[in-house]
Amino acid sequence: MTTSTRQLVLYGVILAVTAGTTTWFYQWHHAAMVAFRQGEILLSQNHPREARSFFEEAVRLRARRPLPYIRLITWALAHKNTATALNVLDQFFDSNATIEPGQADQLAGLFDTAGQPQAALALLERLGATIERNPAAVLHKASLLSRLNQLDAAEAIYRQLITANAHNMAAQIGLIQTLTKARKVDEAEHFARSLVGQYPDNRQIRLELARTLTAANKIDQAINEYRRILSEAP
């Protein structure tokens, strides 16, 4: 066998293996999505139990899209089956499925609403590079950090969000709350008063100022602020 013939045979083997691998990957990916679509059809026809079996099949086949995992986690948490939800989340990470920032925040929201903020935070931290493109998801992460008493980390994220958008009201209020919770009441009061100056008609900011004054034991000032809020109530 000449050298050129050997090369042709080798190229043929490589092409055959590549074609076989490509076909296997397509069939595997296609089967997972077929199962998912069948589950969606059954769900739309109000057959949730039957739909769940197809979502489970899509997950078993390691679907590369997040919706089958989201469907199963939604079902598990709705039935207060946290262990199953966490197991599906592990399968999602093992699958290397791609996920959009909004879907990541949706998934974290499911755990958060179900009383599992630690799981929600762990998910957002693991998907850090993905959620950075979504200010709402980053804001959610900061809120989780604050509620779980990781106050320095929460404060840093709120400040980053405010630097990126000086009119991010949710981040500004979150920063006031986090500073107050961290007993940085003087800093919280100063920031809250600066916002009241910018947004004098914003009752939420005035309420946060009153709460901060209460935390600082400036009770008379807090009472006066509460009275202003009540007098301005529609």
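Contact here means heavy atoms within 4.5 Å. Keep that in mind for the exercises below, and remember that you are working on a predicted model.

**Exercise 1. Get the overall picture of the chain.**

Start with the secondary structure. The protein chain has 13 helices and 0 strands, so its pattern, read along the sequence, is just α repeated: α-α-α-α-α-α-α-α-α-α-α-α-α.

Next, look at the contacts with a separation of 6 or more. Residues 24 or more positions apart account for 47% of those in the protein chain.

Then turn to burial and surface. Of the 234 residues in the protein chain, 40% are buried. The chain exposes about 13,500 Å², and carbon and sulfur atoms supply 55% of that area.

**Exercise 2. Find the largest nonpolar core and explore one of its residues.**

A bit of background first: in soluble globular proteins, nonpolar side chains tend to be buried together.

In this model, the largest nonpolar core has 61 residues. Ile73, Leu89, Phe111 and Leu123 are the ones with the most contacts inside it.

Now pick Phe111 and skip residues up to four places away in sequence. What does Phe111 touch? Its partners are Ile73, Leu77, Ala85, Leu86, Leu89, Gln116, Pro117, Ala119 and Ala120. Two names from the core list, Ile73 and Leu89, turn up here again.

**Exercise 3. Work out how α3 and α4 are arranged.**

Helix α3 covers residues 67-78 and helix α4 covers residues 82-95. They pack at an angle of about 165°, with their axes 8 Å apart.

Angles over 145 degrees count as roughly antiparallel. So α3 and α4 are roughly antiparallel to each other, and the crossing is left-handed.

Finish with the residues at the contact. On the α3 side you have Tyr69, Leu72, Ile73, Ala76 and Leu77. They meet Thr82, Thr84, Ala85, Val88, Leu89, Gln91, Phe92 and Ser95 in α4. Among these, Ile73, Leu77, Ala85 and Leu89 also touch Phe111.

**Exercise 4. Follow α10 to its packing partners α8 and α12.**

Take α8 first. Helix α8 (residues 135-147) and helix α10 (residues 169-181) pack at about 15°, with axes 10 Å apart. The cut-off for roughly parallel is under 35 degrees, so α8 is roughly parallel to α10. Their crossing is left-handed. Leu139, Ser146 and Arg147 in α8 meet Ala170, Ala171, Thr178 and Lys181 in α10.

Now go to helix α12 (residues 203-215). The axes of α10 and α12 come within 10 Å and cross at roughly 10°. That makes α10 roughly parallel to α12. From α10, the contact uses Met169, Ile173, Ile176, Gln177 and Thr180. From α12, Gln204, Ile205, Glu208, Thr212 and Ala215 take part.

**Exercise 5. Place Ala31 and Asp152, and decide how exposed they are.**

Ala31 sits in helix α1 (residues 3-44). Its relative accessibility is 31%, so Ala31 counts as partly exposed. Which C-alpha separates from that of Ala31 by 8.7 Å? That would be Ala63, 32 residues apart along the chain.

Asp152 belongs to helix α9 (residues 151-164). Exposed means over 50% relative accessible area, so at 60% Asp152 counts as exposed. Asp152 and Thr178 are 26 residues apart in sequence, and their C-alpha atoms are 8.6 Å apart in space. You have already seen Thr178 in α10, where α8 meets that helix.

Terms used
Residues are numbered from 1 along each chain as its sequence is written. This is a predicted model: local features need pLDDT of at least 70, side-chain atom pairs count only at pLDDT 80 or more; totals for chains, interfaces and linings use all residues. Side-chain values use heavy atoms; hydrogens and water are left out. Helices (H or I, at least four residues) and strands (E, at least two) are DSSP runs, numbered from the N terminus. Buried means under 20% relative accessible area, exposed over 50%, partly exposed in between (1.4 Å probe, protein chains only). Accessible areas come from the Shrake-Rupley method with a 1.4 Å probe; for residues, only the protein chains shown count as cover. A nonpolar core is a set of buried Ala, Val, Leu, Ile, Met, Phe, Trp, Tyr and Cys residues joined through side-chain atoms within 4.5 Å. Axes are lines fitted to C-alpha atoms, for helices over the stretch in contact, and angles run from 0 to 180 degrees between N-to-C directions. Angles under 35 degrees count as roughly parallel, over 145 as roughly antiparallel, 65 to 115 as roughly perpendicular and the rest as oblique. A crossing is left-handed if the near helix is turned anticlockwise from the far one by less than a right angle, and right-handed if clockwise.
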